[in-house]
Structure formats: C-alpha cells, structure tokens
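User: I have not looked at this one before. Can you walk me through it?

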Amino acid sequence: MFSFAYPQLLWLLLAVPAYGLLYAWARMSRERNLRRFGRLSVLKPLMPLASPYKPPIKITLELLIMTCLILALCRPWGGVKDEKMTKEGIEVVLAVDASNSMLASSTSDENGVSRMRTAKLMLEKIISSLDNDRVGLIIYAGDAYTLIPVTTDYVSAKMFLNSIDPSQLSNQGTDIAAAIKMASRSFSEDKNIGKAVILITDAEELENSENVMQAAKEAAKHKIQLDVVGVGSSTPVPIKVGGGRYMIDDATGEPVRTALNEDLAAEIAKAGDGIYVNASNSGALHELEKQLDTVKKTSLETSVYALHDELFPIFVWIALVLLIINIGVLDRKIGWLSKIAFFSHRSGVAKSEENGSAETEKPKSEAAKKGGETKKGKEAGK
C-alpha cells in the first residue's frame with residue numbers, strides 16, 4: 001500500500017505542467033522574434049553553436065526535478081504492516097490512593113502542594129523510567145477500580161493518571177487491602193512474567209489493618225513484589241476541599257487532620273517482599289528502580305501497528321542526481337561531438353560537396369588560364 005503523510009501537498013504537482021506550458025510559450029515567442037530578422041533556414045546557420053536538442057533535454061530534467069521534490073515534500077510511505085516485536089520486561093501495576101486525605105498538603109505546611117499532586121508527579125517519573133515493561137493503573141478509596149489494564153501504551157497511562165480526582169469517588173475511605181487484591185488480579189495469566197505492584201498512599205488505613213497485611217503476604221506468595229511509596233508528612237495537616245474550605249469532623253466540628261503513617265507503609269512493603277520509600281526523598285525514584293530491577297525479566301511479545309518504509313529520501317536523491325546532470329547540460333552544441341559523422345550518407349554528402357567545390361574551382365582556373373593567353377596574344381599583336 002502506497003500513501004502520503006501530507007496528501008494535500010499533491011496539489012503542487014499542478015505547477016509541473018504549468019511550468020512546461022510556460023517553457024513552450026517562451027520557445028514559440030523566441031521563434032517569432034527570430035522570424036522578424038529573416039527566414040529561420042537562413043538565420044540558424046548564423047548560430048552554429050546553438051543546439052536544437054539541448055533545451056528540450058534541460059526542460060525535461062527540470063520538470064522531473066520539480067516532480068521529485070514535490071513528491072518528497074508529500075512524504076510518501078511504503079505502507080502499513082502489523083509488526084511483532086519481542087522484548088524483555090516486567091508487568092507493573094500502579095495503585096493510587098484517591099481518598100480525601102490525598103487532598104491534604106504533602107508537607108507540614110498546610111498550604112503546600114497536595115499529596116495527590118505529589119503522587120501524580122512521582123508516578124509520571126516512574127512510568128517514564130519504565131523500559132520495555134507493561135504498566136497498569138488502578139485507583140482506590142473505599143473501593144478499588146481499574147483505570148487501565150497492563151499495557152505498553154505509556155502515553156495513555158499518563159493521561160489516565162492525570163485525570164484522577166478524589167472528589168469523583170463517592171465511596172470514600174482507604175481500603176488498601178482491596179487495592180492490593182485488585183492489583184494482583186490485574187496481571188496477565190502468564191506465570192513466567194515478573195510482576196510488581198507499586199502502592200502510592202499516605203497509608204492512613206481506615207479499614208482493617210490485618211486484612212492489609214494478609215493481602216500483602218498473599219501477593220508475595222504469588223511472586224508479586226509489593227513496593228510502597230509514601231506521600232505526605234508525619235505532621236498532621238487539615239484536608240482542603242476547595243474554595244479555601246477544610247473538611248470538618250461532624251463529631252467535633254473541627255477540621256479533620258491527617259498525617260502520613262510511615263510505620264504502616266513500611267510494614268506493608270515488608271510483608272509484600274518490597275521496599276518503602278518516601279516520595280519527598282530525592283533518591284526515592286532511584287531506590288525504586290533498583291528494586292524493580294530485582295524482578296525477573298522475561299520475553300514479552302507485543303503487536304504494534306507501525307508505519308514503515310519512508311520513501312521520501314529516494315525522491316530527494318533522484319532530484320539531486322537530475323540536478324547535477326542538468327547543470328552539466330549546456331545550451332550550446334558539444335564541439336568534439338559535432339565533428340563525428342554518425343551516419344554514412346552524411347559522409348557521402350560531405351565528399352560530394354568537396355568534389356563539387358573542387359570541380360567548381362577547376363573550371364575557374366581553366367578560364368583564368370585562357371584569359372591569360374588571350375591577353376598575351378593581344379599584347380603581341382600590338
């Protein structure tokens with residue numbers, strides 16, 4: 001299948017016949033101007049170096065050059081095919097805490113960057129660091145939901161990641177156990193592929209902590225590494241809900257305060273044979289990458305619909321070669337070539353012309369001789 005990346009530029013090909021017509025008009029105009037000075041059969045011998053064949057050759061080359069350059073601008077493709085690429089990697093599921101506590105500041109300053117914003121920035125870096133791996137995304141609060149199954153489409157993963165908003169989840173809470181179970185079910189059925197779950201949370205577990213540990217151990221039992229990224233500060237801060245307002249505790253009437261539970265986060269990671277890192281640490285991403293490298297990599301096969309065979313360089317090279325040839329083609333005749341007689345009858349004509357001129361010269365010489373004798377006789381008579 002042959003196609004173009006910019007088919008709208010094919011309209012430029014109309015300039016090729018237009019240029020050809022302009023050349024034809026210029027040649028006709030030239031001949032009209034020559035006829036003003038006399039017959040062409042008389043004038044052409046007065047221009048012995050003007051070649052009648054070179055101008056048509058040059059205009060043909062120029063038209064071909066224009067055509068090739070226009071086609072190159074349209075960026076021709078050789079077609080589209082289904083390619084299978086084999087690569088090594090692992091499967092990683094990102095489980096993002098989307099409870100209301102993630103709206104609180106990620107630092108001890110209650111006006112700082114929200115935990116959710118910090119979590120998104122951290123996860124974007126994690127996705128960007130993945131190489132030949134599959135990534136999935138789930139969110140959780142009181143329940144867990146799959147946003148995107150494991151895929152190699154990192155662009156879509158980032159797009160869904162940026163769309164996470166705790167205010168969109170009606171069932172609030174922090175059921176980390178449900179998130180771990182959902183993540184464990186999100187992987188492919190291939191047992192040979194290395195698997196890991198990255199849980200990003202403030203670890204403010206409002207559900208049964210025993211269930212969380214049991215879920216983490218169950219994941220490790222199935223060779224799923226569970227790493228935890230903590231966001232937030234150990235200093236309690238109020239939860240902003242927008243418009244400068246804070247979440248209020250109905251029982252006390254005071255703003256609800258929340259803090260990062262690093263102890264629980266570390267315990268979850270330990271139960272899941274993973275590590276705990278704090279998102280605020282500069283080396284958190286590096287430590288996480290090193291931990292993911294310990295997961296066994298296997299060959300992953302994926303099919304991608306890929307464009308291939310960019311053909312525009314071919315047309316550019318053809319245009320360049322034709323341009324060099326065109327530069328070497330001059331309007332005048334080739335001197336050494338005009339001395340060669342390519343056809344036999346041409347040489348015969350030349351010989352007959354030479355004989356004719358010799359015979360013409362002979363009568364002239366005889367007449368001159370007779371004229372000289374007559375002149376001598378007259379002088380003798382005198």
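Analyst: What follows goes from the whole chain to the cores, a helix pair and a few single residues.

Analyst: This is a predicted model, where local features need pLDDT of at least 70 and side-chain atom pairs count only at pLDDT 80 or more, while totals for chains, interfaces and linings use all residues. Residues are numbered from 1 along each chain as its sequence is written, and side-chain values use heavy atoms, with hydrogens and water left out.

User: How many helices and strands does the chain have?

Analyst: The chain has 12 helices and 13 strands. Both are DSSP runs numbered from the N terminus, with at least four residues for a helix (H or I) and at least two for a strand (E).

User: And what share of the residues is buried?

Analyst: Of the 382 residues in the chain, 36% are buried. Buried is under 20% relative accessible area, exposed is over 50%, and partly exposed is in between, with a 1.4 Å probe and protein chains only.

User: What about the contacts along the chain?

Analyst: Among contacts with a separation of 6 or more, 81% join residues 24 or more positions apart. A contact is heavy atoms within 4.5 Å.

User: Which residues are at the middle of the largest nonpolar core, by touching the most other members?

Analyst: Leu94, Val96, Ile198, Ile200 and Val229 touch the most other members of that core, which has 34 residues. A nonpolar core is a set of buried Ala, Val, Leu, Ile, Met, Phe, Trp, Tyr and Cys residues joined through side-chain atoms within 4.5 Å.

User: Which element gives the most to it?

Analyst: Helix H4 does, with six residues. Elements that each supply at least two residues include strand E3 (91-97), strand E4 (134-140), strand E6 (195-201) and helix H9 (284-293).

User: What does valine 96 touch?

Analyst: Leaving aside neighbours within four places in sequence, valine 96 is in contact with Leu123, Leu137, Ile138, Ile139, Tyr140, Leu161, Ile164 and Ile200. There is also a second, separate core of 30 residues, with Ile180, Val197, Leu199 and Leu264 among them.

User: Back to H4. At what angle does it pack with H5?

Analyst: H4 (residues 115-129) and H5 (residues 154-162) pack at about 175°, and their axes are 10 Å apart. Axes are lines fitted to C-alpha atoms, for helices over the stretch in contact, and angles run from 0 to 180 degrees between N-to-C directions. So H4 is roughly antiparallel to H5, a label for angles over 145 degrees.

User: Which residues meet there?

Analyst: From H4 come Lys120, Leu123, Glu124, Ile127 and Ser128, and from H5 come Tyr154, Ala157, Lys158, Leu161 and Asn162.

User: New topic. Which loop holds arginine 75?

Analyst: Arginine 75 is in the loop between helix H3 (54-73) and strand E2 (76-89). Its phi is positive, about 55°, although arginine 75 is not a glycine.

User: And lysine 223, what is its phi?

Analyst: Lysine 223 has a positive phi too, about 60°, and is not a glycine. Its loop runs between helix H7 (209-221) and strand E7 (224-230).

User: Is lysine 223 buried or exposed, and why?

Analyst: Lysine 223 counts as exposed because its relative accessibility is 73%. Arginine 75 is partly exposed, at 30%.

User: Where is valine 316, and how far is it from isoleucine 65?

Analyst: Valine 316 lies in helix H10 (residues 312-328). Valine 316 and isoleucine 65 are 251 residues apart in sequence and 8.9 Å apart in space, C-alpha to C-alpha.

Notes:
Angles under 35 degrees count as roughly parallel, over 145 as roughly antiparallel, 65 to 115 as roughly perpendicular and the rest as oblique.
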